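Q: Please take a close look at one residue of this structure and its surroundings. Then place it among other side-chain arrangements in the two chains.

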Amino acid sequence: MAEKTLIQGINDGLRTALGQDAEVVVLGEDVGKNGGVFRATEGLWEEFGDERVIDTPLAEAGIVGAAVGMAVNGLRPVAEIQFMGFIYPAFEQIVTHVARLRTRTQGQYPASLVIRAPYGGGIRAPELHSDSTESFFVHTPGLKVVVPSTPSDAKGLLLAAIRDPDPVIYLEPMKIYRSFREEVPEGWHEVPIGKARKVRAGDDVTLIAWGAMVPVAQRAAHSCAERGISCEVLDLRSLYPLDEEAVIASVKKTGRAVIIHEAPKTAGLGAELAARIHELAFLWMEAPVERVTGYDVPVPMFALEDDFRPGPGRIEAAVQKVIHF
Amino acid sequence: MLKLMDRVDRQYILPDGKLSPEGRQAWGKLPKERKLDFHRWMVQVRTFDRRAVILQRQGRIGTYAPLEGQEAAQVGSALALSQEDWIFPSYREHGVAMIAGMPLSQILLYWMGRVEGNLAPPGVRLLPPYVPIATQMPQAMGAAWASRLKRESAISVAYFGDGATSEGDFHEACNFAGVFRLPVIFFCQNNHYAISVPFTRQSAVPTVAERAAAYNIRGIRVDGNDVLAVYTAMEEAVTCARDGKGATLIEAVTYRKGSHTTADDAARYREPAEVGEWVRNRDPIPRLEKLLQAEGLLTEAEIREWEEHCAERVEQAVKEAESSPAPPADHLFAHVYETPPPELRRQQAELLREGKRDG
Ligand SMILES: Cc1ncc(C[n+]2csc(CCOP(=O)(O)OP(=O)(O)O)c2C)c(N)n1
């Protein structure tokens, strides 16, 4: 096995899929000759040619609409949206068609496709590049939404998404594209959609995070451990469907939960998780669920992004709050 | 690609600095000051742009979108506008912004990731840079519509690149403008690439300008590295718009000399021969300088003097931007609503309580 970064895990996943499955095509802006603005598709155009790795015109509605048509007609398209902040021209296609084609055609045309999009802050990107609007998609019935936080999961979730009979929104945390390496299995490697990953076992409080917030939660857990508080850290990986079982089992054990996300607080996924925990584990809880999130303001330009994104300090404060409730 | 460039409706100052016959006419009508303005602004814009690229390399500003090579398109078009006109720019129009009256220090502040950099001085009808492609176009159309409904003589201009012509917003804006005969100008700087994707992948028809016919608006394809031709085309479009004759789609054929942004590497997708041709032979500034010198309007010494003056102005702006005090963390909450709802006030208080920088 080779050591890879998260973005290389994605690249490896795409290469594996293109190599093993003649129906897979990759399409999007700058995915071909340039190898993607983040190099996710590096080398694929050279290897698989212009009919498998397709540079499209600059038109997100066109890209996603085309992917739907391709899927209807038997291909397995993987569409790249350059940044999640630019997915909105395609929002209509996603919400009105990608998500409900299966229902509307009573299973005849399931629109099995993948839409990849980098998201989130922390890289001093220009305006509008750093939003985390995963809730829009989680809130849309008919879609699956996944977010890897490790190189191996990046490959495994991508291949699972490509094989999945339903449409999958695959969100990529830009901040940790290149922040560390790990061994990524060779060949076809799937990580099942709908299963959380236990990053760290603990007894006192459950920290729930995904994407680039996972390493931040880990840092907070580490500092808490030094103060004698044992945190269990769950990487959700799959935002829809949720691994309810893993979340509930963990909070029943610890009796406390802190949910961490970059997206604004109101109607963020943390709200859903908190509600679910209260519905299913109320009697086990020692304290109300805490949320550490972005604020309800437009994601700022980068001069203030460190004030917007949750850091370990805010997480530790929330842990203290649930411990000393 | 190079052949494509050679088919333009207008080219007045030829790459060797000579005037074409139509160019001689247009040039003859211009006062000396305007001719010199072309030069002064192009040099100012280039000086700023080169400095900004270096500031990014030094980590003093964030990712930056350079415009070198596109000075004539921006300066020529912006100088044809008046103070009352509305400008809806993309993220590459620093040249246009300067001419509209945006202080250099504000432009830098924007690239330092500071939202205050979006604030234009009073009376400057310049919107902040539009980052999502083509989204400024329907809005410019709407502003123009409002001017018409209010019986005002202001017109609106949307600036965008060739890639933007692929988005639905481009079509919708042009279509409304045609249907309602609106006083709007769609100014496309066709710099040949949308990041790495060449224009042949954006459009099956070889030019942007010819698309105007589909909307029954005027289309003009002009040598975008020829400041005089751009200025004249824009003046014409402005006059038509003010006279109630509707919209114009101008395609200024140009080239960005460098990469798309400081985060991009253009060597991956452009041939050195093509780049060399544009950089060596089609640069907008030397050709105007040759003409001005040949006409006895400008000397080599005056050029150097002006370049130094521009460099000083840029240095002054860098100082101003860098000494602008950092906003407090809770500036995040400023202007989200006119009156912040209780939830937001609570979050703001929470940030002030807990919120040391935490990353
Ligand atoms: C809706 C949208 N999709 C994708 C992007 C990412 N992106 C930024 S600039 C760019 C290329 C734009 O090319 P063009 O319109 O020709 O303008 P230029 O940069 O050449 O001036 C792309 C794809 C974006 N900003 N907005």
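A: In this predicted model, Gln82(A) sits in the loop that runs between β4 (76-80) and α4 (91-98) of chain A. Gln82(A) has 8% relative accessibility and therefore counts as buried. Its side chain has polar partners on chain A. The side chains of Gln82(A) and Asp30(A) are joined by a polar contact of 2.9 Å, and a polar atom of the Gln82(A) side chain lies 3.2 Å from the backbone oxygen of Glu29(A). With residues up to four places away in sequence left out, Gln82(A) touches Glu29(A), Asp30(A), Val37(A), Phe38(A), Pro118(A) and Ile195(B). The list thus includes a residue of chain B, Ile195(B).

Phe38(A), one of the residues touched by Gln82(A), belongs to an aromatic cluster with Phe83(A), Phe86(A) and Tyr177(A). As for annotation, UniProt (unreviewed entry) places the feature "domain: Transketolase-like pyrimidine-binding" at residues 4-179 of chain A. Over residues 4-179 the chain is 36% helix and 16% strand, and the end C-alpha atoms are 10 Å apart.

Elsewhere in chain A, Lys252(A) lies over the face of Trp284(A), at 4.1 Å from the ring centre. The cysteines Cys224(A) and Cys231(A) are each buried, with a relative accessible area of 1% for Cys224(A) and of 1% for Cys231(A). The closest cysteine sulfur to that of Cys224(A) is in Cys231(A), at 4.0 Å, which is too far for a bond because a disulfide requires sulfur atoms within 2.5 Å. Over all chains the structure holds zero disulfides.

Chain B offers a buried polar side chain for the next step. Arg46(B) is found in helix α3 (residues 32-57) of chain B, and at 9% relative accessibility it counts as buried. The side chain of Arg46(B) makes a polar contact of 3.0 Å with the side chain of Asp283(B). Leaving aside neighbours within four places in sequence, the contacts of Arg46(B) are Glu68(B), Gly69(B), Glu71(B), Lys257(B), Asp283(B), Pro284(B) and Ile285(B). Arg60(B) is 14 residues from Arg46(B) in sequence, and their C-alpha atoms are 19 Å apart in space. Arg282(B) lies over the face of Trp278(B), at 5.0 Å from the ring centre.

Aromatic pairs number 21 over all chains. One of them joins Phe170(B) and Tyr215(B): the ring centres are 6.4 Å apart and the planes stand at 80 degrees, so the pair is edge-to-face. Phe170(B) lies in helix α8 (residues 168-180) of chain B, and Tyr215(B) in the loop between β5 (197-198) and β6 (218-223), so the pair ties together parts that are 45 residues apart in sequence. Phe170(B) counts as buried at 1% relative accessibility, and Tyr215(B) counts as buried at 12%.

The UniProt annotation "domain: Dehydrogenase E1 component" (unreviewed entry) covers residues 40-328 of chain B. Over residues 40-328 chain B is 45% helix and 11% strand, with the end C-alpha atoms 38 Å apart.

Note on methods: Residues are numbered from 1 along each chain as its sequence is written. Chains are lettered from A and ligands numbered from 1 in the order in which they are written. This is a predicted model: local features need pLDDT of at least 70, side-chain atom pairs count only at pLDDT 80 or more; totals for chains, interfaces and linings use all residues. Side-chain values use heavy atoms; hydrogens and water are left out. UniProt positions are given in the numbering used here, feature names are shortened, and annotations may be inferred rather than shown by experiment. Helices (H or I, at least four residues) and strands (E, at least two) are DSSP runs, numbered from the N terminus. Rings of Phe, Tyr and Trp (its six-membered ring) pair if their centres lie within 6.5 Å; planes under 30 degrees apart count as stacked, over 60 as edge-to-face and the rest as tilted. Buried means under 20% relative accessible area, exposed over 50%, partly exposed in between (1.4 Å probe, protein chains only). A charge sits over a ring if NZ of Lys or CZ of Arg is within 6 Å of the ring centre and within 35 degrees of the ring normal. Contact means heavy atoms within 4.5 Å. A polar contact is a pair of N or O atoms within 3.5 Å; within protein, one must be able to donate a hydrogen and the other to accept it, and residues adjacent in sequence count only if both atoms are side-chain atoms.
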